[in-house]
Amino acid sequence: MYVRDARNRDEAWLLEHIEGMGLDESAFRSRDYVIAIDEADNDRAGFGRVRIHKTDDGEFCELTSIGVLENWRGQGVGAHVIERLIQTAGDEGFDVVYALTGETDYLAQFGFEPIEVAQLPERLRERLEEKQANLEPDAVPMQITPVDFSMPRRLRQAFKRAEPDEGETEPEEGPEDFGIDPEEATYKYDTGR
């Protein structure tokens with residue numbers, strides 16, 4: 001399992017899963033995303049985005065649209081997507097990364113701290129209002145400095161062993177599933193022999 005930058009050919013896949021998970025797709029650009037990939041079979045497992053807001057007051061970095069496919073959850077995939085995004089933000093010179101989320105406990109384990117709405121740059125206060133009205137009513141602002149990011153050991157270990165959860169396989173369908181009594185039914189090519 002590894003995390004890489006999204007490519008143009010990932011765009012349709014990203015949009016499908018962003019919409020399917022009800023995540024924020026405003027100002028979508030595939031190049032802003034990273035994708036977690038299972039190196040054994042090249043399956044995509046999760047994704048996330050760093051969105052840069054350019055304003056008259058400067059540039060601000062927001063962590064957004066983090067998603068993990070259901071059969072990959074609970075295996076550190078989201079944690080490693082977040083780690084890669086925070087690293088990217090730090091490499092691009094951002095001292096603070098903001099998140100507007102209802103998943104405060106999840107982000108707190110990495111070092112994110114809640115902040116007052118008044119502490120947000122004006123553009124992110126507007127984003128928070130939009131998000132609360134349209135996507136995530138429980139969203140609150142959080143922040144982290146990239147140097148303070150910390151990956152819990154259990155998530156690092158889980159990511160190393162991550163495999164898709166295939167779930168239960170469905171049983172093969174039989175005539176009874178279609179309301180047919182196999183003892184009484186006759187078949188089109190039944191010769192009676």
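Helices (at least four residues) and strands (at least two) are taken here as DSSP runs, numbered from the N terminus. By that count the protein chain holds 5 helices and 7 strands. Follow the chain along its sequence and the order reads β-α-β-β-β-α-β-α-β-α-β-α.

**How far to trust it**

Keep in mind that this is a predicted model. The mean pLDDT of the protein chain is 82, and 84% of the residues reach at least 70. Strand β6 (residues 113-114) comes out with the highest confidence, at 94. At the other end sits helix α5 (residues 153-160), where confidence is lowest, with a mean of 75. A general caution applies here: where pLDDT is low, the predicted coordinates should not be read in detail.

**The chain as a whole**

Of the 193 residues in the protein chain, 40% are buried. Among contacts with a separation of 6 or more, 69% join residues 24 or more positions apart. As for the outside, the accessible surface of the protein chain is about 12000 Å², and carbon and sulfur atoms own 42% of that.

**Two pockets**

Now for the empty space. Rolling a probe the size of a water molecule over the atoms shows where such space is left. Here are the two pockets, side by side.

| Pocket | Volume | Lining residues by type |
|---|---|---|
| Largest pocket | about 690 Å³ | 15 nonpolar, 10 polar, 5 charged |
| Second largest pocket | about 270 Å³ | 6 nonpolar, 1 polar, 8 charged |

Take the largest pocket, with its volume of about 690 Å³. It is lined by 30 residues, and Leu23, Ile66, Gly67, Glu103 and Tyr106 are the closest to its centre. Four elements give two or more residues to this lining: β4 (58-68), α2 (77-91), β5 (97-101) and α3 (104-108). Of these, β4 gives the most, with 6 residues.

The second largest pocket has 15 lining residues. Nearest its centre you'll find Arg29, Arg31, Asp32, Val50 and Ile52. Here β2 (33-38), β3 (43-55) and α2 each chip in at least two residues, with β3 supplying the largest share, 5 residues.

**Two residues with positive phi**

Which backbone angle is worth a look at Asn42? Its phi is positive, about 65°, although Asn42 is not a glycine. Asn42 sits in the loop between β2 and β3. It counts as exposed because its relative accessibility is 54%, and the cut-off for exposed is over 50%.

Ser65 is another non-glycine with a positive phi, this one about 55°. Ser65 is found in strand β4. Is Ser65 buried or exposed? With a relative accessibility of 5%, Ser65 counts as buried, since buried means under 20%.

**Three buried residues and what they touch**

Start with Ala6, in the loop between β1 (2-5) and α1 (11-20). Ala6 has a relative accessible area of 13%, so it is buried. Leaving aside residues up to four places away in sequence, Ala6 touches Leu14, Ser30, Tyr33, Val34 and Ile35. How far apart in space are Ala6 and Ile35, C-alpha to C-alpha? The answer is 5.8 Å, although 29 residues separate the pair in sequence.

Next comes Leu69, placed in the loop between β4 and α2. Its relative accessibility is 15%, and therefore Leu69 counts as buried. Again not counting residues up to four places away in sequence, Leu69 touches Trp13, His17, Met21, Arg44, Ala45 and Gly46. Leu69 and Pro164 are 95 residues apart along the chain, yet 9.2 Å separates their C-alpha atoms.

Last is Ile82, in helix α2. Why does Ile82 count as buried? Because its relative accessibility is 1%. Which residues does Ile82 touch, not counting those up to four places away in sequence? They are Leu63, Ile66, Tyr106, Leu107, Phe110, Phe112 and Phe149. One of these partners, Phe110, lies 28 residues from Ile82 in sequence and 9.0 Å from it in space, C-alpha to C-alpha. Two others, Ile66 and Tyr106, turned up earlier among the residues closest to the centre of the largest pocket.

Technical notes. Residues numbered from 1 in each chain as written. Predicted model: local features only at pLDDT ≥ 70, side-chain atom pairs only at ≥ 80, totals over all residues. Heavy atoms only, no water. 1 Å grid on protein atoms, 1.4 Å probe; cavity = no way out; pocket = protein on both sides within 12 Å on 5 of 7 lines; lining within 4 Å. Points joined across faces, edges and corners; volume = space filled by probe spheres on them. Nonpolar A, V, L, I, M, F, W, Y, C, P; charged D, E, K, R; others polar. pLDDT = per-residue confidence, 0-100. Buried < 20%, exposed > 50% of the residue type's maximum accessible area, 1.4 Å probe, protein only. Contact = heavy atoms within 4.5 Å. Areas by Shrake-Rupley, 256 points an atom, 1.4 Å probe, with all protein chains shown as cover.
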